[in-house]
Amino acid sequence: MSFTVKTSLLENSDGSAQLITGDIKLIASVSGPIEPKPRQELPNVASLEIVIRPAVGLSGTREKALEDKLRSLLQAVIVRYKYPRQLIQVVIQFLSTPLTKYQGGAYSNHKDEVEYSNIELNAAINGCYFALVDAGIALYSSFASVCISLTEDHQTIDEEPEYIIDPNLKQLHKSDSHHVICFNIEDKKANKILLLESLGDFTEEQLFTVISKAVTQCELIHNDYQRKYITEKIDNDYVWKA
Amino acid sequence: MSRKIEITTNEKTYFIEALKNGIRLNGRQFNEMRTPSNIFLSKDEYGYIELEWGLTKISCRVSSFIRKPFEDRPFEGIFNINCEINSMASKQFENGKNSDEEVLISRIIEKSIRRSNSLDLESLCIISGEKVWSITVDLNFLNFDGNFIDIGCFGVMLALSHFKKPDITIINGGKDIIIHDINEREPQPLSILHIPICLTYSFYNTSQNVEENIKGESDEDAIYLLDCDYKEDLLKDGSIIITLNKNREIIQLSKNGGIPIDVNILLDLSLNSIKFVNELTDLIKTLIKDHEQQRFTELNLKLLQVGADR
């Protein structure tokens, strides 16, 4: 798993981050707290406006579903009561996805194949984290997300299935199921599950294994990447403060 | 409730006074463009570019797939440009709502590129009436600092020049086709007939007389700026968008309201624009050429070349 992050690259947003992870490249921007439209306004907490834009084509039901999943997660981590009657706008623009990469542009010839929105969700969550931190939005805790796929060898039933962390498109094609797990992180330790999305066939036991693997992975993302990039960012932001 | 930045009268007067003295607040000459910077041409994909133009940032992706052509045009491929603007670019653009400005931007880009036939649609035909390439351009505006039209048009043309579609072979006497993987056979570039370049001039009437302002009788007071930034864009009294190509053809000219301009100014502008059109066209060509060269050496494609180099 590798993360490349650049923050504060858009001047018109309060916070922005570009994340490259695996074959996915995206830009997330956060604006807030700003004045909402009357119909968005909530009397005691901040409302969230989440927009996800695909790399190819116009956004449709798939993006709406992603937006919904991301919203449920962000509602749990943003300290919303700090910004009553305000709006926080989150826009995620996918620039490259595995599908655009593998087909070398002739992407939609394979459009009928399963659309792996879940790995995009994983990247969206991780990208969103950096943008929220960059925008200075109050969060209850850090959060990190990981995608794990599970491939069973159907010849030998008793064998342990193969768990792949951060699978690529080919590995996903072969897998039986894949899961996106997002943990909140307090004091460098993964604490609670914020989101769990699974797709495919799996048993309860396998799911528990996946979750326990996700714990170490999320802690790794947090300690190796999130902390590193945020320290870097703060160093750059306060470069004047000798 | 508009999230547009409002400029104070003080600021506006200062701006106009500066213009009267021949000074632009961003330090540029009146007919000076910002130069595109940080141009990123993707190496592992065809048809993906990112670029910055001042503080304006865009990304552009071209994708292709095969479909049935429209019944009335069996020989022509399909070409579409998507350019939706969202609140990432600037808070003045509302999500999921097409503002007039947004519509204008996409219309002009569409008019300049698609309707000027800059992409040869007949070359996209595979089997007439059965299979044609459909080319879709997704233009994403990431940050707004004025002049989305010129930059968007430049970006789309750059991405189209960068794009290559997979090679195909027709088999079974024109019934079926094989799409060759890009790693198996060298993909084919699109046939681009000409490169349209949009140039936007913003007009400012420095005359204090409101009456004259409306009638536009005082030509000597009219000032025009090329490639305006965000602030200049908010303060403009009118604008004209000229699209030209290197063959000195005017593709499109639009002037949507604003103060009237003199015919002589229009002629001058079109004539002066040629210089910028040449510069930008050459820029696209050199960028693509350098990129091809780089890809050629990095992937060691020389090893795959067959036959004598004539």
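The following exercises, each with a worked solution, concern a predicted model with chains A and B.

Local features are described where pLDDT is at least 70, side-chain atom pairs count only at pLDDT 80 or more, and totals for chains, interfaces and linings use all residues. Residues are numbered from 1 along each chain as its sequence is written, and chains are lettered from A and ligands numbered from 1 in the order in which they are written.

**Exercise 1. The sheet of chain A**

Task: State the strand order of the open sheet of 5 strands in chain A, and explain why one side of S1(A) and of S4(A) is left without a neighbour in the sheet.

Solution.

Step 1. Helices (H or I, at least four residues) and strands (E, at least two) are DSSP runs, numbered from the N terminus. Two strands pair if DSSP finds at least two bridges between them.

Step 2. The order is S1-S2-S3-S5-S4 in chain A, and the pairing is mixed.

Step 3. S1 (4–7) and S4 (47–53) of chain A stand at the edges with a single partner strand each, so one side of each has no neighbour in the sheet. On average, neighbouring strands of this sheet are turned by 15° against each other, direction ignored. Axes are lines fitted to C-alpha atoms, for helices over the stretch in contact, and angles run from 0 to 180 degrees between N-to-C directions.

Step 4. S1(A) is joined to S2 (residues 15–21) of chain A by 4 bridges, and the two run antiparallel. Val5(A) stands opposite Leu19(A) in S2(A).

**Exercise 2. A helix and its two faces**

Task: Determine which residues of H1(A) are buried and which exposed residues its opposite face carries.

Solution.

Step 1. H1 (residues 61–77) of chain A lies across S4 and S5 (87–96) of chain A, at about 145° to S4(A). Contact here requires that the C-beta atoms of two residues, placed from the backbone, lie within 7 Å.

Step 2. The expected span of a helix is 1.5 Å times one less than its number of residues. For the 17 residues of H1(A) this should be 24 Å, and the end C-alpha atoms are 25 Å apart, which agrees.

Step 3. A residue is buried if 20 or more other C-beta atoms lie within 10 Å of its own, exposed if 12 or fewer, and partly exposed in between, with C-beta atoms placed from the backbone. In H1(A), Glu63(A), Leu66(A), Lys69(A), Leu70(A), Leu73(A), Leu74(A) and Val77(A) are buried. These residues cover an arc of only 130° around the axis, which puts them on the same side of H1(A). The arc is that of the directions from the helix axis to the C-beta atoms.

Step 4. An α-helix has 3.6 residues a turn, so residues three or four places apart point the same way.

Step 5. The face turned away from the buried side of H1(A) carries the exposed residues Thr61(A), Lys64(A), Asp68(A) and Ser72(A).

**Exercise 3. A covered strand in chain B**

Task: Describe how many residues of S11(B) are buried and where S11(B) stands in its sheet.

Solution.

Step 1. Chain B has 6 helices and 14 strands, and 38% of its 310 residues count as buried.

Step 2. In S11 (residues 197–205) of chain B, 9 of its 9 residues are buried. Ile197(B), Leu199(B), Tyr201(B), Phe203(B) and Asn205(B) point one way, while Cys198(B), Thr200(B), Ser202(B) and Tyr204(B) point the other way.

Step 3. The order of this open sheet of 4 strands is S12-S11-S13-S14 in chain B, with antiparallel pairing. S12 and S14 (250–254) of chain B stand at the edges.

Step 4. S11(B) pairs with S13 (residues 238–244) of chain B over 7 bridges, and with S12 (residues 222–226) of chain B over 5 bridges. Tyr201(B) has Ile240(B) in S13(B) as its bridge partner, and Ser202(B) has Leu225(B) in S12(B).

Step 5. H2 (residues 100–114) of chain B lies across S11, S13 and S14 of chain B, at about 165° to S14(B). H3 (residues 148–162) of chain B also packs on the sheet, touching S11 and S13 of chain B.

**Exercise 4. The contact between the chains**

Task: State how many residues each chain gives to the contact.

Solution.

Step 1. Chain A gives 30 residues and chain B gives 36 residues.

Step 2. On the side of chain A, the largest share, 5 residues, comes from S5(A).
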